[in-house]
Amino acid sequence: MKHFGFPRLSCLLFILFIGVAWVGSAAAQSTDRDAPTHLKSGEITGDLDGSGSEYFYSFFAGPGELTVMVDVKSATGQGLLNFEVLDKNAADALLCCEYAQADGDGLSARVVKSVTISRRQPVVLHVTGGKAGKGTFRVRLSGAAFFEK
């Protein structure tokens, strides 16, 4: 009967840990419109890396006013985050074509937009980073917004 030695067991545990961490981080921000990340809170943070990456998040909204506050902070160049709130199928816009833009190195910007949602329904927040500059973003959802626990 062969026994695992301590180094081999440690290596297996390390690989398992990395695999779990990778899956968890990959699920943190979905790039799949048909499988958005389910939000557990009203705040999302991320990096603007100049790649133009798109991310999709789902939550329940309504009835009432949903407020979306977006902050961007540029590290280099122009920090830009486009955002919209879509219906449950991520097809039709409930709040369309908005953005927050910091125009230079070390600058920040904030945009606050609201939309009235007539009934409680699943919605999708779609955000797209700009293709120039680097920095960070934060999105805060408030008002008639409800999240998984």
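Buried means under 20% relative accessible area, exposed over 50%, and partly exposed in between, with a 1.4 Å probe and protein chains only. The model is predicted: local features need pLDDT of at least 70, side-chain atom pairs count only at pLDDT 80 or more, and totals for chains, interfaces and linings use all residues. Residues are numbered from 1 along each chain as its sequence is written, and side-chain values use heavy atoms, with hydrogens and water left out.

**Exercise 1. Lay out the chain.**
Task: State which helices and strands the chain has, and in what order.

Solution.
- Step 1. Helices (H or I, at least four residues) and strands (E, at least two) are DSSP runs, numbered from the N terminus.
- Step 2. The count is one helix and eight strands.
- Step 3. Along the sequence the order is α-β-β-β-β-β-β-β-β.
- Step 4. Contact means heavy atoms within 4.5 Å. Take the contacts with a separation of 6 or more: 76% of them join residues 24 or more positions apart.
- Step 5. The chain has 149 residues, and 38% count as buried.
- Step 6. By the Shrake-Rupley method with a 1.4 Å probe, where for residues only the protein chains shown count as cover, the chain exposes about 8800 Å². Carbon and sulfur atoms supply 58% of that area.

**Exercise 2. Check the backbone.**
Task: Find where a peptide bond is cis, and assess A90 and C97.

Solution.
- Step 1. Most residues other than glycine have a negative phi, and most peptide bonds are trans.
- Step 2. The bond from G62 to P63 is cis, with omega near -5 degrees. P63 belongs to strand β3, residues 54-76.
- Step 3. A90 has a positive phi, near 60 degrees. A90 sits in the loop between β4 (79-86) and β5.
- Step 4. Is A90 buried or exposed? A90 is buried, because its relative accessible area is 4%.
- Step 5. C97 has a positive phi of about 60 degrees, and is not a glycine. C97 is in strand β5.
- Step 6. Is C97 buried or exposed? C97 is exposed, because its relative accessible area is 59%.

**Exercise 3. Place E98.**
Task: Give the element, burial and contacts of E98.

Solution.
- Step 1. E98 is in strand β5, residues 93-102.
- Step 2. E98 counts as buried because its relative accessible area is 18%.
- Step 3. Leave aside neighbours within four places in sequence. E98 is then in contact with L81, N82, F83 and K113.

**Exercise 4. Probe the voids.**
Task: Describe the lining of the largest cavity and of the largest pocket.

Solution.
- Step 1. On a 1 Å grid over the protein atoms alone, a cavity is a set of points where a 1.4 Å probe fits but cannot get out; a pocket is an open set with protein on both sides within 12 Å along at least five of seven lines; lining residues have an atom within 4 Å of a point. Grid points are joined across faces, edges and corners, and a volume is the space filled by probe spheres set on the points.
- Step 2. The largest cavity holds about 80 Å³. Its lining has 14 residues, with D47, L48, S53, Y55 and G129 the closest to its centre.
- Step 3. β7 gives the largest share of that cavity's lining, three residues.
- Step 4. Ala, Val, Leu, Ile, Met, Phe, Trp, Tyr, Cys and Pro count as nonpolar, Asp, Glu, Lys and Arg as charged, and the others, Gly among them, as polar. The cavity lining has five nonpolar, seven polar and two charged residues.
- Step 5. The largest pocket holds about 180 Å³. Of its 14 lining residues, H38, S58, F59, F60 and E148 are the closest to its centre.
- Step 6. The pocket lining has nine nonpolar, two polar and three charged residues.
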